[in-house]
Amino acid sequence: MSPTVNTNSSNIIDFVVKQGNGVKGLVDSGLEVVPKQYIQPVEARFDASKVVPEESIPIIDFTNWDDPDVAESITNAASKWGFFQIVNHGVPLKVIEDMKAVVHSFFELPVEEKRKYLKENSPSETVVRLATSFSSEAEAILEWKDFVTLRYASEDEANTFWPPIIKNQAVEYMKKSEVVIKKLLGVLLKKLNVKEINKKLEYPLMGSMRLNLNYYPRCPNPEVAAGVGRHSDVSTITVLLQDEIGGLYVRGIENDTWVHVPPIDGALVINIGDVLEIISNGRYKSIEHQVVANRNKSRISIPIFVNPASDAVIGPLPQVLENGEEAKYKQVVYSDYFEYFFSKAHDGKKTIDYAMI
Ligand SMILES: O=C(O)CCC(=O)C(=O)O
Ligand SMILES: [Fe+2]
């Protein structure tokens, strides 16, 4: 039987955050209205009238990824939209389907099982952690999302610490995705006059990777809550696998517009993060996005955050500035940037001000 919760009291935070029931626990307990802790101020709510349905981010066939025309469409999309989808990327459909299936299996586990991965119980909180919202200790209003965050440092570490129910499928998914990530970074960096990504450059580009498993329960009042509030990612790039529900919106080219990212079976959504914007001195754009929860159905998404190593120093590349271009961003230690992001609620594109000159 689902645990019951008194929705009129601050027991909500205790039930959702501390006891690890998550938003899913709230919904499973029969809740039919969004509690006040989830009601966003009017200015932060999603405004459906700002959606431009005829616009869409580019969809790129990745088969011939190093063909100059394909490379050009990737770098153009990264400069113009900061977002694109790739198909025929080489991650087998079976690996993708298995990955999505185990994410559902994990969130369907009894809370007693999932609770083992809360920060205070986790065998290693940096490697595996179950949480809810975005940065629940720093937020006044919570987001309608539960998640697991997993560090992918090595197969061995993953095999030791990741939850058994997802481990094999998730490691396989990471191994296949890593090949795509290296190809993508190769194409994106080549255009910035970087000939090859050697071991030294891997460190500030992809020295640490995180796989997140996001679960957005159905939401009785999606118009007042946020699945994920407006933000840009603090990654180098993000590779996102989403299910068939939809709800991810990207800031459009025209001022004050939003564009839906339609689910495409087997596709991966790629977006440029703040780190690549900084490294490219603004040539590639890290674009704001947000997630609107669904009234009738739960949704899952699975982002891989390709991040610099935490002690890497990030700044515009010498190759980008070699023709005398002025640096727009300063050098920052990645862990400082990352911690700043999580020290506050989602706030659109404001995190990057931290690195602006
Ligand atoms: O769920 C999604 O589609 C996107 C999630 C997201 O933006 C994030 O986790 O940074
Ligand atoms: Fe994001």
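Is V180 buried or exposed? In this predicted model, V180 is buried, because its relative accessible area is 3%, and buried means under 20%. The residue sits in helix α7, which spans residues 164–190. Once neighbours within four places in sequence are set aside, V180 is in contact with F62, I86, H89 and V91. T132 makes a handy reference point along the chain: V180 and T132 are 48 residues apart, and their C-alpha atoms are separated by 29 Å.

We turn next to the metal site. The iron ion (ligand 2) is coordinated at 2.1 Å by three residues, namely H231 through NE2, D233 through OD and H289 through NE2. Along the sequence, these donor residues follow the spacing H-x1-D-x55-H. D233 lies in the loop between β6 (228–231) and β7 (237–242), while H289 belongs to strand β11 (residues 289–291), so the pair ties together parts of the chain that are 56 residues apart in sequence. D233 and H289 are both buried.

The surroundings of ligand 1 share residues with the metal site. H231, D233 and H289, the donors of the iron ion (ligand 2), are also among the residues that surround ligand 1. The rest of this shell consists of N214, Y216, L240, L248, V291, R299, S301, P303 and F305. By residue class, the shell around ligand 1 divides into 6 nonpolar, 4 polar and 2 charged residues. In terms of secondary structure, β5 (208–216), β11 and β12 (299–307) each supply at least two residues of the shell, and β12 gives the most, with 4 residues.

Several side chains approach oxygen atoms of ligand 1. For Y216, an N or O atom of the side chain is 2.6 Å from an oxygen atom of the ligand. For R299, a polar side-chain atom lies 2.8 Å from an oxygen atom of ligand 1, and for H289 the corresponding distance is 3.0 Å. The protein covers 94% of the 300 Å² of accessible area that ligand 1 has on its own.

R299 also leads to a residue in strand β7, Q242. The side chains of Q242 and R299 make a polar contact at 2.9 Å, and R299 is itself part of the shell around ligand 1. The side chain of Q242 also reaches the backbone oxygen of V261, at 3.2 Å. Q242 counts as buried because its relative accessibility is 8%. Beyond four places in sequence, the residues touched by Q242 are K100, L248, V261, P262, P263, V269, R299, I300 and S301. Of these, L248 and S301 also appear in the shell around ligand 1, as does R299.

Finally, the backbone deserves a friendly second look at two loop positions. Most residues other than glycine have a negative phi. N88, in the loop between β2 (83–87) and α4 (93–107), has a positive phi near 55 degrees and is not a glycine. D256 likewise has a positive phi, of about 60 degrees, without being a glycine. This aspartate lies in the loop between β8 (248–251) and β9 (258–260). How accessible is D256? With a relative accessibility of 36%, D256 counts as partly exposed.

Methods. Residues are numbered from 1 along each chain as its sequence is written. Chains are lettered from A and ligands numbered from 1 in the order in which they are written. This is a predicted model: local features need pLDDT of at least 70, side-chain atom pairs count only at pLDDT 80 or more; totals for chains, interfaces and linings use all residues. Side-chain values use heavy atoms; hydrogens and water are left out. Donors are N, O and S atoms within 2.8 Å of the metal (3.2 Å for Na, K and Ca); water is not among the atoms, so sites may look incomplete. Buried means under 20% relative accessible area, exposed over 50%, partly exposed in between (1.4 Å probe, protein chains only). A polar contact is a pair of N or O atoms within 3.5 Å; within protein, one must be able to donate a hydrogen and the other to accept it, and residues adjacent in sequence count only if both atoms are side-chain atoms. Contact means heavy atoms within 4.5 Å. A residue is near a molecule or strand if one of its heavy atoms lies within 4 Å of it. Accessible areas come from the Shrake-Rupley method with a 1.4 Å probe; for residues, only the protein chains shown count as cover. Ala, Val, Leu, Ile, Met, Phe, Trp, Tyr, Cys and Pro count as nonpolar, Asp, Glu, Lys and Arg as charged, and the others, Gly among them, as polar.
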